[in-house]
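Reader: Hello! I am new to protein structures and would like to learn how to read one. Could you take me through this example with a few questions and answers?

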Amino acid sequence: MSQVLSEISVHYIEPFYELAVPEMNNEMLCCVLTILCPYIFYFWLWHWPSPFGRFAESLGFHPSYLMSYFAHVMKLALFSLLLFYPNAGSVPSVLGVPLNSVFNVAGVPLQVSTHDLPLNWLTLLDLVLGGFGQALNSGVYKSLGTVGTYYGNRFGDPPAWATGFPYNLGISDPQYWGSILTVVATLNLLQTKKNPFFQLLLLLSYVFMMVVEARERTPAYALKRKKRKE
């Protein structure tokens with residue numbers, strides 16, 4: 001048992017002991033901003049939803065749907081950072097080599113770093129953690145829909161009370177816990193443990209947002225019409 005605990009510690013915890021804070025030049029500041037931008041956005045919308053609500057409705061959109069579009073773009077930027085920024089991470093060869101071949105054939109001047117993923121019980125544990133994390137995330141979206149997931153309660157369109165998975169597990173903030181499990185799984189799967197500075201920022205952001213969303217401190221936006229362009 002002690003050997004198992006030791007291997008888990010080496011796998012998940014010790015990489016943070018060796019974390020090196022990079023020099024904060026302009027390039028690194030842009031990377032940090034790419035990581036933190038979604039949570040700055042969420043923090044603003046949670047506390048002051050009315051300006052964005054009015055803006056979205058002026059364009060004919062439900063605020064939650066427009067928020068989701070912004071969120072998806074920012075998540076794409078974050079994922080691209082982890083894939084393509086030097087030493088941020090790498091992709092298992094079984095996926096990375098074909099992906100690089102596709103880039104070459106398509107004439108895309110991008111390449112992802114690759115690594116050989118060891119087939120052991122820790123890798124299986126990573127796959128289980130990542131899979132369960134994504135199940136929590138998809139379960140939240142299926143239960144709440146776009147409006148419920150993207151602050152419908154703050155935009156004056158609260159979702160119906162959800163009792164299905166994952167809300168029947170007794171886990172608070174299942175979407176953020178799902179994201180935390182996914183980040184932990186990528187330490188090995190995407191080799192982000194080489195210098196998990198970006199992952200530490202993500203983990204702290206998830207915990208911060210759980211605290212922020214624990215209660216509503218300002219009035220919700222008064223949505224004019226619930227049926228809007230998606």
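Author: Happily! One term to begin with: a contact means heavy atoms within 4.5 Å. Please keep in mind that this is a predicted model, in which local features need pLDDT of at least 70, side-chain atom pairs count only at pLDDT 80 or more, and totals for chains, interfaces and linings use all residues. Residues are numbered from 1 along each chain as its sequence is written, and side-chain values use heavy atoms, with hydrogens and water left out.

Reader: Thanks! Which residues does L187 touch, not counting residues up to four places away in sequence?

Author: L187 lies in helix α7; helices (H or I, at least four residues) and strands (E, at least two) are DSSP runs, numbered from the N terminus. L187 counts as buried because its relative accessibility is 1%, where buried means under 20% relative accessible area, exposed over 50%, and partly exposed in between (1.4 Å probe, protein chains only). With residues up to four places away set aside, L187 touches Y12, F16, T192, K193, P196 and Q199.

Reader: What is the separation between the C-alpha atoms of L187 and D126?

Author: Along the chain, L187 and D126 are 61 residues apart. In space, the separation of their C-alpha atoms is 8.6 Å.

Reader: How many residues of α7 are buried?

Author: Helix α7 runs over residues 174–189 and has 16 residues. From first C-alpha to last it reaches 22 Å, close to the 22 Å expected at 1.5 Å a residue; the expected span is 1.5 Å times one less than the number of residues. The buried residues of α7 include P174, Y176 and G178, and they pack against α1 (2–17), α2, β1, β2 (114–115), α6 and α8. Helix α7 is mostly covered, and the number of its residues that are buried is 12 of 16.

Reader: Which residue follows α7 with a positive phi?

Author: Look just past the end of helix α7. The phi there is positive, near 55 degrees, and the residue is Q191.

Reader: Which elements do the buried residues of α8 pack against?

Author: Helix α8 has 16 residues and reaches 23 Å from its first C-alpha to its last, close to the 22 Å expected. Its buried residues include F197, F198 and S205. S205 counts as buried because its relative accessibility is 7%, and, leaving aside neighbours within four places in sequence, S205 is in contact with L36 and Y39. As for elements, the buried residues of α8 pack against α1, α2, α4 and α7.

Reader: What covers the buried residues of α4?

Author: Helix α4 spans residues 63–84 and reaches 32 Å from its first C-alpha to its last. Among its buried residues are P63, Y65, M74 and L83. Their cover includes α2 (26–47), α3 (49–58), β1 (91–92), α6 (121–149) and α8 (197–212).

Reader: Which residue forms a salt bridge with R154?

Author: A salt bridge is a side-chain nitrogen of Lys or Arg within 4 Å of a carboxyl oxygen of Asp or Glu, and a search of the whole structure finds one. This pair links distant parts of the chain, 62 residues apart: R154 is in the loop between α6 and α7, and its partner is in the segment after α8. R154 counts as buried because its relative accessibility is 0%, while the partner is partly exposed at 41%. With the closest N and O atoms 3.2 Å apart, the partner of R154 is E216.

Reader: Why does C30 form no disulfide, and how far is its sulfur from the closest cysteine sulfur?

Author: A disulfide is a pair of cysteine sulfur atoms within 2.5 Å, and a search of the whole structure finds zero. For C37, the closest cysteine sulfur is in C30, and that pair is too far for a bond because the distance is 11 Å. C30 has its closest cysteine sulfur in C31, which is also too far for a bond because the distance is 7.0 Å.

Reader: Last one: what pattern does the chain follow along the sequence?

Author: The chain has eight helices and two strands. Of its 230 residues, 42% count as buried. Read along the sequence, the pattern is α-α-α-α-β-α-β-α-α-α.
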